[in-house]
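Open the model in your viewer and keep the sequence panel beside it. This tour tells you what to select and what to look for at each stop.

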Amino acid sequence: MSYNNPSSSIALTGSFSHEGPSRPPLVIDQASSTTPIVRQPTRYETQKQRDWITFGQYLSNYPRPSISISECNYTHVLGFLRYLDQFGKTKVHVQGCTFYGQPDPQAPCPCPLRQAWGSLDSLIGRLRAAYEEHGGAQEANPFANPMIRSYLREVKDCQAKARGVPYKKKKRKKAGEKTADKGQAMKHPRQRRNG
Ligand SMILES: [Zn+2]
């Protein structure tokens, strides 16, 4: 298959943006602005563009018969997300694996690699914006379908359990807890030698 590797297109997402942007960033809007804004595309927009192309390629290669973007509904989006899993790099332990629920296993295991929930979540956010920017109607936006949200929740839940990663918000400050700053040091615990 000469299909270019879509994992590269969502590998750059970096840190998780929770729900995706609340609204897509404005593209140059000459009508409403007195100062001409010449902008370089942000990394977000470049990524969004790439994701959009990847999704278009998926639609023309995988559903049989292939469909156009205007014909696509949430089932195709779900198909796309599942399809991307084969390019994933996140180990998700199956129930029964000794490392199930362990964030940092010490040995390899045959469990599958998947797309991390956070990557899928931000991917969907970008595609949802891209769909409307390409003229899709908001009401018909397949990326905004509740089934997608529900699928993502399932993935999140499943990965949190399998990997022992709680996906909590980083609100850990407790009043009066002066040692809270050790968080970083504790990520890479080292054995200390007393002597
Ligand atoms: Zn495993």
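Before setting off, one convention: a helix here is a DSSP run of H or I with at least four residues, and the runs are numbered from the N terminus. Keep in mind too that this is a predicted model.

**The whole chain**

Show everything as a cartoon. You should find 6 helices and 2 strands. Walk from the N terminus, and the elements come in the order α-α-α-β-β-α-α-α. The protein has 195 residues, and 22% of them count as buried. Now think about contacts between residues at least 6 apart in sequence. Of these, 66% join residues at least 24 apart.

**Stop 1: helix α2**

Select residues 43–61, which form helix α2. How far apart are the end C-alpha atoms of α2? They are 27 Å apart, which agrees with the 27 Å that 19 residues should span at 1.5 Å a residue.

Next, colour Q47, K48, D51, T54, F55 and Y58, the buried residues of α2. Look down the axis of α2: these buried residues fall within an arc of 125 degrees, so they line one face of the helix. A general rule helps here. An α-helix has 3.6 residues a turn, so residues three or four places apart point the same way.

**Stop 2: where α2 crosses α4**

Add residues 117–133, helix α4. The axes of α2 and α4 are 9 Å apart, and the angle between the helices is about 85 degrees. Angles of 65 to 115 degrees count as roughly perpendicular. The helices α2 and α4 are therefore roughly perpendicular to each other.

Show side chains at the crossing. From α2 come Q47, K48, D51, W52 and F55; from α4 come L123, R126, L127, A129 and A130. Sorted by class, this contact of α2 with α4 has 6 nonpolar, 1 polar and 3 charged residues.

**Stop 3: a cis bond**

Leave α2 and move into the loop between α2 and α3, where P65 lies. Select R64 and P65. The peptide bond from R64 to P65 is cis, with omega near -10 degrees. In general, most peptide bonds are trans.

**Stop 4: helix α3**

Go on to α3, residues 74–84. Colour V77, F80 and L84, which are buried. Viewed down the axis of α3, its buried residues fall within an arc of 55 degrees, so they line one face of the helix. What covers them? The cover of the buried residues of α3 includes α2 and α5.

Now pick Y74, also in helix α3. Is Y74 buried, exposed or partly exposed? Y74 is partly exposed, because 18 other C-beta atoms lie within 10 Å, and burial needs 20 or more. Leaving out residues up to four places away in sequence, Y74 touches P142, N145, M147 and I148. Try A140 as well: Y74 and A140 are 66 residues apart in sequence, yet their C-alpha atoms are 9.6 Å apart in space.

**Stop 5: V92**

Find V92 in the loop between β1 (90–91) and β2 (113–114). V92 is buried, with 21 other C-beta atoms within 10 Å. Leaving out residues up to four places away in sequence, V92 touches C111, P112, R114, Q159, A162 and R163. Select L113 too. V92 and L113 are 21 residues apart in sequence and 6.0 Å apart in space, C-alpha to C-alpha.

**Stop 6: Q138**

Jump to the loop between α4 and α5 and click Q138. With 9 C-beta neighbours inside 10 Å, Q138 counts as exposed. The C-alpha atoms of Q138 and R128 are separated by 9.0 Å, and the two residues are 10 apart along the chain.

**Stop 7: helix α5 and its end**

Select residues 146–163, helix α5. Its 18 residues reach 25 Å from first C-alpha to last, close to the 26 Å expected at 1.5 Å a residue. Colour I148, V155, Q159, A162 and R163, which are buried. They cover an arc of only 80 degrees around the axis, which puts them on the same side of α5. These buried residues pack against α3 and α4. Turn the helix around. The face of α5 away from its buried side carries the exposed residues P146, S150, R153, E154 and D157.

Finish just after α5, at G164. G164 takes a positive phi of about 65 degrees. Most residues other than glycine have a negative phi.

Conventions: Residues numbered from 1 in each chain as written. Predicted model: local features only at pLDDT ≥ 70, side-chain atom pairs only at ≥ 80, totals over all residues. Axes fitted to C-alpha atoms, helices over the stretch in contact; angles between N-to-C directions. Parallel < 35°, antiparallel > 145°, perpendicular 65-115°, else oblique. Contact = placed C-beta atoms within 7 Å. Nonpolar A, V, L, I, M, F, W, Y, C, P; charged D, E, K, R; others polar. Buried ≥ 20, exposed ≤ 12 C-beta atoms within 10 Å, placed from the backbone. Expected span 1.5 Å × (residues − 1). Arc of directions from axis to C-beta.
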